[in-house]
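Subject: Structure handover

Hello,

Here is the structure I said I would pass on. My notes on what was found follow below it.

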Amino acid sequence: MRHSTIRQLEVFEAIARLNSFTRAAEELFLTQPTVSMQIKKLTDDIGLPLFEQVGKKIYLTEAGKELYQTCQGIFEHFSRFEMIVSDMKGLKSGKLRLVAVTTAKYFIPRLLGMFCQQYPGIDVSLQVTNRERVLERLADNRDDLYIMGQVPDTMDAVAEVFLDNPLVVLASADHPLVNQKNISIDRLCDEFFIMREPGSGTRMATESLFTERNKKLKVRMELGSNEAIKQAIVGRLGIAVLSRHTLALDGSTGQLAELDVEGFPLKRHWYFAYPAGKQLSIVAKTFLEYLRQANDCLEDLSCRHAITGHCPLLKSGTDVQSDD
Ligand code: PGA
């Protein structure tokens with residue numbers, strides 16, 4: 001291994017992470033022959049194959065898996081070193097890798113906008129995905145911080161609440177239940193529901209409420225996107241329980257209404273979490289400190305009050321990688 005270079009390890013790490021030579025080449029701004037050449041040299045040096053190809057897919061060999069773990073350790077140490085050095089120079093810089101559940105995309109970009117203004121040297125990547133995948137990544141310790149609803153007790157993680165997440169019942173603005181007060185759960189069971197996909201935290205909370213009351217939901221449709229669900233509500237396919245945050249960008253279209261249902265809004269919270277025992281990077285600690293102190297901004301984002309037609313919130317357009 002004496003002749004392997006950091007560059008070769010970087011190329012290897014990107015291929016293993018992205019499961020693709022082409023995507024690794026794109027990410028590293030290299031040509032594909034260069035990427036293949038670097039891997040060939042690394043393989044020759046190690047003396048064992050690192051990847052195997054079955055059909056069109058590539059898989060890590062046992063040696064590849066070991067090297068991937070080693071690379072993650074090396075790069076994590078190296079980026080910690082870079083952050084320590086920039087901290088010594090009085091600069092906060094480095095990479096912050098955040099992963100958030102689908103619904104958090106309605107407020108995290110705005111928080112990040114203000115954070116990035118304050119710390120222009122910090123390069124943030126935000127991946128948005130379903131709760132189940134966030135939990136998998138948290139268990140594998142693949143990122144710096146995770147933003148999600150309640151973290152399961154079975155998980156060995158540190159979690160801190162930073163924001164309310166009220167879940168509300170939404171219907172189309174002309175739905176017959178719109179002006180009724182204190183609608184019972186029994187009455188709600190007569191309606192068709194549009195549900196988020198399995199693995200969603202919103203869905204989990206909705207199902208627990210109905211199970212606790214021994215009630216059965218009439219599910220007309222499952223959709224993996226809050227936006228698609230809102231469209232389906234407007235299209236009168238049914239009603240849905242969603243986070244009030246999902247109304248953040250709706251402006252004043254007034255096509256959706258929040259129903260006044262007993263026990264609602266369901267009180268959920270947003271947490272940031274990381275694996276217990278994880279040594280947080282300086283940048284991650286800086287972000288946590290920022291979240292703890294961003295009270296004014298969080299008050300703005302808290303979405304505590306019922307909406308009638310629109311929610312006076314976010315207007316930001318931060319780029320995020322999202323499944324929704
Ligand atoms: P979801 O998670 O976006 O996957 O539904 C939200 C939550 O956990 O409350």
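I start with Phe-192, where two charged side chains come in over the ring. Lys-218 lies over the face of Phe-192, 4.7 Å from the ring centre. Arg-220 also lies over the face of Phe-192, at 4.2 Å from the ring centre.

Please keep in mind that this is a predicted model. The mean pLDDT of the chain is 87, and 88% of the residues score at least 70. Among the elements of the chain, strand β7 (residues 192-196) has the highest mean pLDDT, 97, and strand β12 (residues 321-322) has the lowest, 53. In residues 307-320 the pLDDT falls below 50; this stretch nevertheless has 31 contacts in the model beyond near neighbours in sequence.

Aromatic pairs

The structure holds eleven aromatic pairs. One of them is Phe-12 with Phe-51: the ring centres are 5.4 Å apart and the planes stand at 45°, so the pair counts as tilted. Phe-12 belongs to helix α1 (residues 6-18) and Phe-51 to strand β1 (residues 51-54), so the pair ties together parts that are 39 residues apart in sequence. Phe-12 is buried, with a relative accessible area of 0%. Phe-51 counts as buried too, at 15% relative accessibility. Elsewhere, one aromatic cluster is formed by Phe-107, Phe-162, Trp-270 and Phe-272.

Helix α8

Helix α8 covers residues 201-212, which is twelve residues, and spans 16 Å from its first C-alpha to its last, close to the 16 Å expected at 1.5 Å a residue. At its start, a side-chain oxygen of Ser-200 comes to within 3.2 Å of the backbone nitrogen of Thr-202. The buried residues of α8 are Gly-201, Thr-202, Arg-203, Ala-205, Thr-206, Leu-209 and Phe-210. Just after the helix, Asn-214 takes a positive phi of about 60°.

Ser-172

Ser-172 is placed in strand β6 (residues 157-172). Is Ser-172 buried or exposed? At 6% relative accessibility, it counts as buried, because the limit for buried is under 20%. Its side chain makes a polar contact of 2.8 Å with the side chain of Asp-174. Leaving aside neighbours within four places in sequence, Ser-172 is in contact with Val-178, Ile-233, Val-234, Arg-236, Gln-255 and Ala-257.

Backbone points to check when you set up the model

The peptide bond between Phe-264 and Pro-265 is cis, with omega at about 0°. Pro-265 sits in the loop between β10 (256-259) and β11 (266-275).

Asn-182 has a positive phi of about 45° although it is not a glycine. Asn-182 is found in the loop between β6 and α7 (185-188), and at 54% relative accessibility it counts as exposed.

Asn-214, already mentioned after α8, is likewise a residue other than glycine with a positive phi, near 60°. Asn-214 lies in the loop between α8 and β8 (218-223). At 73% relative accessibility, Asn-214 counts as exposed.

Regards

Methods. Residues are numbered from 1 along each chain as its sequence is written. This is a predicted model: local features need pLDDT of at least 70, side-chain atom pairs count only at pLDDT 80 or more; totals for chains, interfaces and linings use all residues. Side-chain values use heavy atoms; hydrogens and water are left out. pLDDT is the predictor's confidence in each residue, from 0 to 100. Helices (H or I, at least four residues) and strands (E, at least two) are DSSP runs, numbered from the N terminus. Contact means heavy atoms within 4.5 Å. Rings of Phe, Tyr and Trp (its six-membered ring) pair if their centres lie within 6.5 Å; planes under 30 degrees apart count as stacked, over 60 as edge-to-face and the rest as tilted. Buried means under 20% relative accessible area, exposed over 50%, partly exposed in between (1.4 Å probe, protein chains only). A charge sits over a ring if NZ of Lys or CZ of Arg is within 6 Å of the ring centre and within 35 degrees of the ring normal. The expected span of a helix is 1.5 Å times one less than its number of residues. A polar contact is a pair of N or O atoms within 3.5 Å; within protein, one must be able to donate a hydrogen and the other to accept it, and residues adjacent in sequence count only if both atoms are side-chain atoms.
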